[in-house]
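Work through these exercises with the sequence and the 3D structure open. Try each task before you read its solution.

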Amino acid sequence: MGFSRLAAAITVLFASAAACASGDKTFERQVPAEAHGVVDISNVSGTVAVSGWDRPEVSVRAQLDEGVERVDVSTDHGRTTVKVVLPHSGHRGEADLHVQIPKDSELTVSAVSADVTTTGVTGLQRLNTVSGDITAELGGSDLELKSVSGNVKLKGHGQPARLHVSTVSGDVHLEHGAGDLEAGTVSGTLVVSLDSARSVRARSTSGDVHFEGKLARGADFDATSVSGDLNVRASAEGGYAYEVSTFSGDISNCFDATPSEHGHMPGHKLQGTRGDGAGHMRLKTMSGDVQLCDRK
Amino acid sequence: MSGADERKVSSLRELSPAIEPARDLWPQIEARINAERSTAAAALPRIARARAVPPRWLAAAAVVASVAVGVWIGRSVLPAARSGAGVESPLSASRATFADAPTALDVAYVSDPRYQRDRAALMKTLQARLAALPPPARDKVMASLAAISRAKQDLENALGKDPGNALLQELLVNTYQDEMRVLTDVHEASDPGRGI
């Protein structure tokens with residue numbers, strides 16, 4: 001018993017010494033905030049974890065390494081700003097931020113290499129990173145997300161919203177989204193599952209696009225790529241008219257329709273109607289392969 | 001009808017079944033119909049020609065115009081890999097692989113000095129912007145720009161075989177737009193005042 005207490009004390013002592021030696025600092029601050037206010041968070045490197053709660057206040061807890069000068073938290077006219085400030089010398093410090101905000105807040109997060117996570121936020125979310133990954137829970141409000149090379153994971157609950165997602169090379173995984181989706185990537189992969197979509201626009205240069213889900217009656221679906229494959233499994237209430245075009249890729253489908261050729265020119269085309277043809281499905285690619293199916 | 005001409009009519013039968021005009025109007029009517037026919041006949045070929053223009057050509061012309069605008073905008077912010085100015089970087093080296101052979105679309109613009117000047121200036125900006133990115137992100141952005149460049153080259157090669165292909169034209173316009181988006185994102189991402 002006496003030995004274990006001694007061991008625990010030594011462990012705590014060493015941990016404290018290590019923290020002091022590394023120069024890590026902790027930061028905590030709470031400020032009052034409006035239930036439907038605006039919260040802006042910026043952090044260059046480290047992590048940003050944001051969660052929504054029912055209290056009318058913003059709580060910030062942070063672990064800062066020695067390269068971080070300070071954390072500024074300010075509030076003015078319903079806008080709360082949390083900013084990790086680095087010295088002008090260009091030293092890149094890391095900060096791990098845990099921020100709790102009123103769940104209906106309009107949230108903006110800007111990061112460079114920091115990974116961003118949001119949970120339980122039901123207001124509009126604007127999430128931007130350069131190389132940091134983004135993991136976000138969709139709360140039924142709109143989402144505007146932009147990443148250069150960071151990967152993106154989004155999980156919804158089937159509540160319709162307008163979702164704008166773009167990356168340069170980052171992969172995008174979206175589950176249980178609904179509403180309107182506009183997604184674009186250059187070389188990342190788009191893997192999208194929507195419970196009910198009113199409109200989908202997906203664009204890729206070389207990345208593949210995988211879509212699975214249901215389309216609302218009269219929905220519009222557009223997907224284009226240059227060399228990426230398009231794999232679409234979409235059922236729709238009222239069916240849809242489909243038009244698939246490719247210059248040098250292959251077209252396959254699960255309803256035994258036969259693609260036609262453009263006379264003596266290269267290229268294939270597949271068009272027809274499923275069900276009542278209430279919706280519209282357009283898939284276009286230059287050299288990617290296309291798979292279309294109207295059932296899971 | 002007034003004055004002495006006024007009389008009471010008790011039944012429709014009392015009215016004259018036909019009232020002859022004071023003069024024969026037909027010659028004038030016939031002449032007018034004939035004149036309208038000849039005018040219509042003269043105008044018909046022009047209308048027919050206008051209607052005979054296939055809508056796809058109009059669409060193709062519009063797309064080509066869009067491509068031209070896309071080329072202009074897209075090329076205006078692209079690195080000037082061929083300018084020879086500035087320090088050779090991995091980016092300019094990678095671009096040189098696709099930018100050395102001007103396409104038919106390029107030719108209309110490369111001779112414009114204003115375009116050349118803007119392009120060279122933006123090349124410097126892009127390199128600085130890329131240098132400000134974290135190294136892993138920079139590598140991935142450069143790989144994506146190279147993917148875009150390959151896509152453009154592939155599309156332009158394919159258009160060389162099938163110049164009227166609306167699908168390829170649309171995808172080429174998309175690719176130029178995507179390139180603009182990437183360059184804008186890089187610009188914003190590396191802006192020290194704004195961040196992405």
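**Exercise 1. Find the strands that pair with E23(A), and say how they run.**

Solution. Start with strand E19 (residues 240–246) of chain A in this predicted model. Seek its bridges to E23(A): there are 7, and the two strands run parallel. Next, take strand E17 (residues 209–225) of chain A. It is joined to E23(A) by 6 bridges, again in a parallel run. Now look at single residues. His280(A) in E23(A) is the bridge partner of Ala241(A). His280(A) also stands opposite Asp220(A).

**Exercise 2. Decide whether E23(A) is enclosed or open, then test one residue.**

Solution. Strand E23 spans residues 279–285 of chain A. Of its 7 residues, 5 are buried, so the strand is largely enclosed by the rest of the structure. Pick Leu283(A), which sits in this strand. Count its C-beta neighbours inside 10 Å: there are 26. The cut-off for buried is 20 or more. Therefore Leu283(A) counts as buried.

Now list its contacts, leaving aside neighbours within four places in sequence. Leu283(A) touches Ala223(A), Leu230(A), Val232(A), Val244(A), Val290(A) and Leu292(A). In soluble globular proteins, nonpolar side chains tend to be buried together.

**Exercise 3. Describe chain A as a whole.**

Solution. First, count the elements: chain A has 1 helix and 24 strands. Second, check burial: 46% of its 296 residues are buried. Third, split the chain. Domain 1 covers 24–109 and domain 2 covers 138–296. Their C-alpha centres lie 36 Å apart. Finally, compare two residues. Glu28(A) and Leu283(A) are 255 residues apart in sequence, and their C-alpha atoms are 51 Å apart in space.

**Exercise 4. Which residues touch the most other members of the largest nonpolar core?**

Solution. This core has 95 residues. Leu97(A), Val141(B), Leu155(B) and Leu168(B) touch the most other members. Both domain 1 (24–109) and domain 2 (138–296) of chain A give residues to this core, so it lies between them.

Take Val141(B) and set aside its neighbours within four places in sequence. In chain A, it contacts Val148(A), Ser149(A), Val168(A) and Ser169(A). In chain B, it contacts Leu130(B), Leu133(B) and Val186(B).

**Exercise 5. What makes up the side of chain B that touches chain A?**

Solution. Begin with the count: the contact takes 29 residues from chain B and 31 residues from chain A. Then name the elements. Helix H6 (135–161) and helix H7 (166–189) of chain B each give two or more residues to this side. H6(B) gives the largest share, 12 residues. Last, sort this side of chain B by type: 17 nonpolar, 5 polar and 7 charged.

**Exercise 6. Compare the phi angles and the exposure of His77(A) and His176(A).**

Solution. Most residues other than glycine have a negative phi. Phi of His77(A) is near 50°, a positive value. His77(A) lies in the loop between strands E5 (70–76) and E6 (79–85) of chain A. With 7 C-beta neighbours inside 10 Å, it counts as exposed. Phi of His176(A) is near 55°, also positive. His176(A) lies in strand E15 (residues 172–185) of chain A. It has 16 C-beta neighbours inside 10 Å and counts as partly exposed.

**Exercise 7. Judge where chain A can be trusted in detail.**

Solution. The mean pLDDT of chain A is 90, and 90% of its residues reach 70 or more. Over residues 8–21 of chain A, the pLDDT is below 50. Beyond near neighbours in sequence, this stretch has 1 contact in the model. Where pLDDT is low, the predicted coordinates should not be read in detail.

Conventions
Residues numbered from 1 in each chain as written. Chains lettered and ligands numbered in written order. Predicted model: local features only at pLDDT ≥ 70, side-chain atom pairs only at ≥ 80, totals over all residues. Contact = placed C-beta atoms within 7 Å. Helix = DSSP H or I, 4+ residues; strand = E, 2+ residues; numbered from the N terminus. Nonpolar A, V, L, I, M, F, W, Y, C, P; charged D, E, K, R; others polar. Buried ≥ 20, exposed ≤ 12 C-beta atoms within 10 Å, placed from the backbone. Domains from an automatic or database assignment. Pairing = 2+ DSSP bridges. Core = buried A, V, L, I, M, F, W, Y, C linked by C-beta atoms within 7 Å. pLDDT = per-residue confidence, 0-100.
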